[in-house]
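Reader: Could you take me through one part of this model slowly? I'd like to see how the helices pack, and what goes on in the loops beside them.

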Amino acid sequence: MTAPKPFQLIGPVSRDRHVYVDRPEDDRLLHILLDGHHCHLHAGRQAGKTSLLNDCRRTLIRQGHFCIREALYTHLSDHQSSLFDALHALGCSLMREASTALQVSMSNPPGSGLTVGRVIPAFLDAIAAAGPADRRLFIFLDEFDSLMNFAPSDVRQVLLHLRERCQTSPHTTANTLLFASVRTFSQMLRKTDTSGITPNFAVDVPLDLFANSEHTRRQLFEQGFPEDQPELIDALLSDV
């Protein structure tokens, strides 16, 4: 019998080191991204969003794709007084990560004359221009609703210009975006003066909690849990 992997309840888990249970969203998210659609993954806290992002990123890289990930909260918490500075720091980090992943040199980061809403699109355009024309870069932006810690008028500008960029050429841009957050775009937009902004500028993927199903139990058995002790699995799944 295979020795059971650790069952981690808090924080990201790795398929290689911990028990990892596939949900339908694992395959769905990957197929949406490979089809070239921007995507928004959302669920409550500790529901497995970051673990799914990390697993999806590893899968894309193993398939030969370019993929980078940034957590907005890291940059926004370092620049709590200025959303512009926070997003510019995020953009510079994305450029460095993209330069390493694509193995290309990037020009000087954009900055002159930008408004707060145009910072992320400007960096995305610069990254797309520097990348190879025949390869797509997947960019994962985790903790996206950390934006809500800033002024609603500034958040509105960020969402408006992201929507404009994503809707202009959603299937042909050189970078495909995956947003992850607790709040949905609709919930984020309701906190701002939306002025007619529609929230559907990325495919919506809600992440369901783990189901105590035969599919889930079979995966746990395959990862070393004893089949003659079903009460152990029941106890674990009751916590998630």
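Author: Sure, let's start with the running order: from the N terminus, the elements go α-β-α-β-α-α-α-β-α-β-α-β-α-α. That comes to nine helices and five strands, where helices (H or I, at least four residues) and strands (E, at least two) are DSSP runs numbered from the N terminus. Keep in mind that this is a predicted model, so local features need pLDDT of at least 70 and side-chain atom pairs count only at pLDDT 80 or more, while totals for chains, interfaces and linings use all residues. Residues are numbered from 1 along each chain as its sequence is written, and side-chain values use heavy atoms, with hydrogens and water left out.

Of the chain's 240 residues, 48% count as buried; buried means under 20% relative accessible area, exposed over 50%, and partly exposed in between (1.4 Å probe, protein chains only).

Now for the close look, beginning with α2. This helix covers residues 49-62, and its 14 residues should span 20 Å at 1.5 Å a residue, which agrees with the 20 Å between its end C-alpha atoms (the expected span is 1.5 Å times one less than the number of residues). Its buried residues are Lys 49, Ser 51, Leu 52, Leu 53, Asn 54, Asp 55, Cys 56 and Leu 60. What covers them includes α1 (24-34), β1 (39-42), β2 (66-71), β3 (137-142) and β4 (175-181). After α2 comes Gly 64, with a positive phi near 95 degrees.

One of those covering elements, α1, packs on α2 at an angle of about 50 degrees, with the axes 10 Å apart. Axes here are lines fitted to C-alpha atoms, for helices over the stretch in contact, and angles run from 0 to 180 degrees between N-to-C directions. That makes α1 oblique to α2, given that angles under 35 degrees count as roughly parallel, over 145 as roughly antiparallel, 65 to 115 as roughly perpendicular and the rest as oblique. On the α1 side, Glu 25, Asp 26, Leu 29, Leu 30, Leu 33 and Leu 34 meet Leu 52, Asp 55, Cys 56, Thr 59 and Leu 60 of α2, with contact meaning heavy atoms within 4.5 Å. By class, that is seven nonpolar, one polar and three charged residues. (Ala, Val, Leu, Ile, Met, Phe, Trp, Tyr, Cys and Pro count as nonpolar, Asp, Glu, Lys and Arg as charged, and the others, Gly among them, as polar.)

The pair α4 and α5 is worth setting beside this. Their axes come within 9 Å and cross at roughly 15 degrees, which makes α4 roughly parallel to α5. The contact of α4 with α5 has twelve nonpolar, two polar and no charged residues. Among the α4 residues that take part are Phe 84, Leu 87 and Met 95, and the α5 ones include Val 119, Ile 120 and Phe 123.

Next, the loops. Most residues other than glycine have a negative phi. Gln 103, in the loop between α4 (83-102) and α5 (119-130), has a positive phi near 60 degrees, and Gln 103 is exposed, with a relative accessible area of 72%. Glu 143, in the loop between β3 and α6, also isn't a glycine and has a positive phi of about 55 degrees. Glu 143 is partly exposed, at 33% relative accessible area.
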